[in-house]
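Trainee: I have a new model open and would like to go through it piece by piece. Can we start with the strands?

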Amino acid sequence: MLVEYRGEKQDMKGGMTARDLLLKLNLDPEAVLVVLNGKLVDDSVILQDQDAVKLVAVVSGGH
Amino acid sequence: MRRHKLALCADCYPPWFQGQVDKTIRRLQMFGKDDRILVAVSGGKDSLTLWDVLLELGYQAEGLYIQLGIGGDYSAESQRRVAAFAEARGAVHHTVSVRDAYGLSVPELAQQRRRGHKVCSLCGLVKRYIMNRFACEGGYAALATGHNLDDEAAVLMQNALHWEAGYLARQSPVLPSTHPNLARKVKPLCFIYERESAAYALVRGVDYIYDECPYAVGATTLFYKELLNRLERTSPGAKAQFYRQFIRAKDSGAIQFSEAARPPLHDCDACGQPTSAPGMCAFCRLWHLGEEGR
């Protein structure tokens with residue numbers, strides 16, 4: 001599957017939940033949303049090899 | 001949404017979200033449907049989400065975008081998205097350029113000051129001044145900002161760890177106008193999690209700027225948000241509990257602050273805007289000192 005995060009893309013194997021993917025990438029599941037093939041999904045969804053996954057960071061700050 | 005033990009589809013989520021925000025607005029008597037509201041919009045997810053919700057709910061919400069002049073296309077791109085958002089919804093929006101109004105962009109001002117001011121604190125001061133002045137001069141009933149629960153909980157944690165009584169006394173979803181030139185300020189997203197706000201923007205197709213402000217890297221707020229999210233992972237609802245109980249304790253009088261934590265406001269000698277100390281306000285001091293250094 002093609003995983004995109006902050007403009008960077010990488011190929012990864014499917015067969016894991018979105019939450020497992022976040023943990024594998026060392027990302028906080030509370031701070032990232034998962035968009036699967038253009039649709040926002042719950043992080044319990046199992047990702048497949050042919051999926052396009054976009055990870056959207058939700059935390060902003062500095063103010 | 002683990003804290004609500006609720007899973008909603010893309011059709012049901014926006015009305016649920018709008019209902020949550022409207023409940024906050026009505027319960028805290030922030031404003032009504034006849035009031036003109038000024039929404040401070042940055043082009044980010046929270047401010048555009050707030051503006052979208054208010055328009056969908058039928059509130060008279062106008063946008064104010066402050067062009068800070070932050071490079072790397074950040075300001076130009078955020079301005080473009082705010083304008084596109086307003087045009088798509090036929091909403092009224094206003095733009096104030098810091099450079100056009102005062103002669104320097106925020107990064108230029110920060111560079112020129114060379115007094116150890118962090119850009120974020122200086123930027124915050126400039127934005128608060130412009131937003132307040134614009135809201136007062138425009139006769140708006142309230143100035144609404146997109147601060148979400150994570151923003152508020154992070155600030156609360158920071159202020160509680162340092163026992164900043166003055167800041168804790170003033171932290172509230174509704175800040176009344178206590179001076180003729182001080183706008184009433186409201187935070188309708190204060191009980192909404194940051195990820196819920198971002199999810200709303202994604203589901204509604206709000207085209208917000210994903211990139212973080214280049215100056216926010218390493219900001220203290222981000223550190224406190226990370227700490228709170230660690231807590232949230234093991235105890236869903238912990239962030240909401242932390243913030244809500246603080247507001248409840250203040251409202252019920254269980255936590256009280258002396259008048260010393262709320263100093264009276266004075267008129268700035270230069271611009272007439274409210275200031276906590278006699279003489280010139282921090283904004284005028286900043287720009288006057290900046291001019292001396294040119």
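Mentor: Start with β1(B), which is mostly covered, five of its six residues being buried. Buried means under 20% relative accessible area, computed with a 1.4 Å probe on protein chains only. Strands here are DSSP runs of E of at least two residues, helices are runs of H or I of at least four, and both are numbered from the N terminus.

Trainee: What should I know about the model itself before going on?

Mentor: It is a predicted model, so local features need pLDDT of at least 70 and side-chain atom pairs count only at pLDDT 80 or more, while totals for chains, interfaces and linings use all residues. Residues are numbered from 1 along each chain as its sequence is written, chains are lettered from A and ligands numbered from 1 in the order in which they are written, and side-chain values use heavy atoms, leaving out hydrogens and water.

Trainee: Back to β1(B). In what sense do β1(B) and β2(B) pair?

Mentor: Parallel, over six bridges. Two strands pair if DSSP finds at least two bridges between them. One partnership to look up is V41(B) with Y65(B) in β2(B).

Trainee: And how many strands are in the open sheet of chain B?

Mentor: Six, in the order β3-β2-β1-β4-β6-β5, with mixed pairing. The edges are β3 (93-97) and β5 of chain B; each has a single partner strand, so one side of each is left without a neighbour in the sheet.

Trainee: How many bridges join β2(B) to β3(B)?

Mentor: Five, between β2 (residues 60-67) and β3(B), which run parallel. I66(B) stands opposite V96(B) there. Helix α3 (residues 74-89) of chain B packs on the sheet, touching β1, β2 and β3 of chain B, and its direction makes about 160 degrees with that of β2(B). Contact means heavy atoms within 4.5 Å. Angles run from 0 to 180 degrees between N-to-C directions, with axes fitted to C-alpha atoms, for helices over the stretch in contact.

Trainee: Which strands does α2(B) lie across?

Mentor: β1 (36-41), β2, β3 and β4 (142-144) of chain B, running at about 155 degrees to β1(B). Helix α2 (residues 45-56) of chain B also packs with α9(B), at an angle of about 65 degrees and with the axes 9 Å apart. α2(B) passes α9(B) in a left-handed crossing, that is, the near helix is turned anticlockwise from the far one by less than a right angle.

Trainee: Which residues of α2(B) and α9(B) meet?

Mentor: K45(B), D46(B), T49(B), D52(B), V53(B) and E56(B) of α2(B) meet E194(B), S197(B), A198(B), Y200(B), A201(B) and R204(B) of α9(B). By class, that contact has four nonpolar, two polar and six charged residues. Nonpolar covers Ala, Val, Leu, Ile, Met, Phe, Trp, Tyr, Cys and Pro; charged covers Asp, Glu, Lys and Arg; the others, Gly among them, count as polar.

Trainee: What covers the buried residues of α9(B)?

Mentor: The cover includes β4 and β5 of chain A together with α1 (13-27), α2, α7 and α10 (220-234) of chain B. The buried residues of α9(B) are E194(B), E196(B), S197(B), A198(B), A199(B), Y200(B) and A201(B). Just after the helix, G205(B) takes a positive phi of about 70 degrees.

Trainee: Chain A, then. In what order are the strands of its open sheet?

Mentor: β2-β1-β7-β4-β5, five strands with mixed pairing. The edge strands are β2 (8-11) and β5 (39-41) of chain A, each pairing on one side only.

Trainee: How do β4(A) and β7(A) run?

Mentor: Antiparallel, with five bridges joining β4 (residues 32-36) to β7 (residues 52-57). V34(A) stands opposite L55(A) in β7(A). Helix α9 (residues 194-204) of chain B packs on this sheet, touching β4, β5 and β7 of chain A, at about 25 degrees to the direction of β4(A).

Trainee: And β1(A) with β7(A), parallel or antiparallel?

Mentor: Parallel, over four bridges from β1 (residues 2-5) of chain A. The bridge partner of L2(A) is A52(A).

Trainee: Different topic: is H179(B) buried or exposed?

Mentor: Buried, with a relative accessible area of 9%. H179(B) is in the loop between β5 (174-175) and β6 (185-186) of chain B. Not counting residues up to four places away in sequence, H179(B) touches L265(B), H266(B), D267(B), G272(B) and P274(B).

Key
Buried means under 20% relative accessible area, exposed over 50%, partly exposed in between (1.4 Å probe, protein chains only).
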